[in-house]
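Reader: Could you take a close look with me at one part of this protein, the aromatic side chains and what sits around them? I would enjoy a connected walk through them.

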Amino acid sequence: MSKGRGFWSKAISDDVYKDRLWSRCEIQPNGCWVYLGPKATNGYGFMCYRNRSWRAHRLAYFLWKGEIPKGADVCHTCDVRLCCNPEHLWVGTRSENMLDASYKLFAFALVFLIIAEATNLLHFRDSALIA
């Protein structure tokens with residue numbers, strides 16, 4: 001039997017491809033399926049499916065959830081580029097993906113500022129007690 005190349009790759013079922021993808025993932029405590037296979041320079045994993053190279057997270061979405069509309073992004077709720085957990089993936093437009101990322105960046109910055117301010121207040125309180 002073939003290893004999935006050429007004509008014979010069409011004879012391999014999607015369940016076999018799911019198993020291949022799954023076997024290249026490590027489950028994290030946060031639920032992410034972190035892809036351990038080959039990675040591109042942009043940080044995304046990739047895998048061949050029916051003679052075509054796919055980003056691993058897009059292939060996971062396709063195999064577990066179905067078709068990806070033409071031109072759509074497959075976005076991560078977890079923001080982990082190597083995550084292939086279909087429950088962490090959603091389909092959106094490029095602008096929806098960028099908006100989601102900017103909201104998360106804003107939220108992170110806000111939390112950072114709150115922590116920084118709290119740290120400054122604690123430092124100020126401690127220095128006032130010493131004086």
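Author: Happy to. Let's start with a charge and a ring: Arg-55 lies over the face of Tyr-44, with 4.5 Å to the ring centre. There is another such case, in which the charged end of Arg-20 sits over the ring of Tyr-17, 5.4 Å from its centre. Please keep in mind that this is a predicted model.

Tyr-17 leads us on to rings that meet other rings. Together with Tyr-49, Trp-54 and Phe-62, Tyr-17 forms one aromatic cluster. Across the model, the count comes to 6 aromatic pairs.

One of these pairs is Trp-33 with Trp-64: the ring centres are 5.5 Å apart and the planes stand at 75 degrees, so the pair is edge-to-face; the cut-off for that label is an angle over 60 degrees. Where do Trp-33 and Trp-64 lie in the fold? Trp-33 belongs to strand E2 (residues 33-35), whereas Trp-64 belongs to helix H2 (residues 56-65), so their pairing ties together parts that are 31 residues apart in sequence. The two partners also differ in cover. Trp-33 has 15% relative accessibility and counts as buried, while Trp-64, at 30%, counts as partly exposed; the dividing value here is 20%, because buried means under 20% relative accessible area.

Helix H2 takes part in a further pair, through Phe-62. The rings of Phe-62 and Tyr-49 have their centres 5.6 Å apart and their planes at 65 degrees, so this pair is edge-to-face as well. Tyr-49 comes from strand E3 (residues 46-49) and Phe-62 from helix H2, so the pair ties together parts that are 13 residues apart in sequence. Are Tyr-49 and Phe-62 buried or exposed? Tyr-49 is buried, with a relative accessible area of 7%, and Phe-62 is buried too, at 16%. Tyr-49 and Phe-62 are also members of the aromatic cluster with Tyr-17 and Trp-54.

Now let's step back to the whole chain. Its secondary structure comes to 3 helices and 6 strands, which follow the pattern α-β-β-β-β-α-β-β-α along the sequence. Of the 131 residues in the chain, 30% are buried, and Trp-33, Tyr-49 and Phe-62 are among the buried ones. Among contacts between residues at least 6 apart in sequence, 42% join residues at least 24 apart. On the outside, the chain exposes about 9000 Å², and carbon and sulfur atoms supply 62% of that area.

Conventions:
Residues are numbered from 1 along each chain as its sequence is written. This is a predicted model: local features need pLDDT of at least 70, side-chain atom pairs count only at pLDDT 80 or more; totals for chains, interfaces and linings use all residues. Side-chain values use heavy atoms; hydrogens and water are left out. Helices (H or I, at least four residues) and strands (E, at least two) are DSSP runs, numbered from the N terminus. Buried means under 20% relative accessible area, exposed over 50%, partly exposed in between (1.4 Å probe, protein chains only). Contact means heavy atoms within 4.5 Å. Accessible areas come from the Shrake-Rupley method with a 1.4 Å probe; for residues, only the protein chains shown count as cover. Rings of Phe, Tyr and Trp (its six-membered ring) pair if their centres lie within 6.5 Å; planes under 30 degrees apart count as stacked, over 60 as edge-to-face and the rest as tilted. A charge sits over a ring if NZ of Lys or CZ of Arg is within 6 Å of the ring centre and within 35 degrees of the ring normal.
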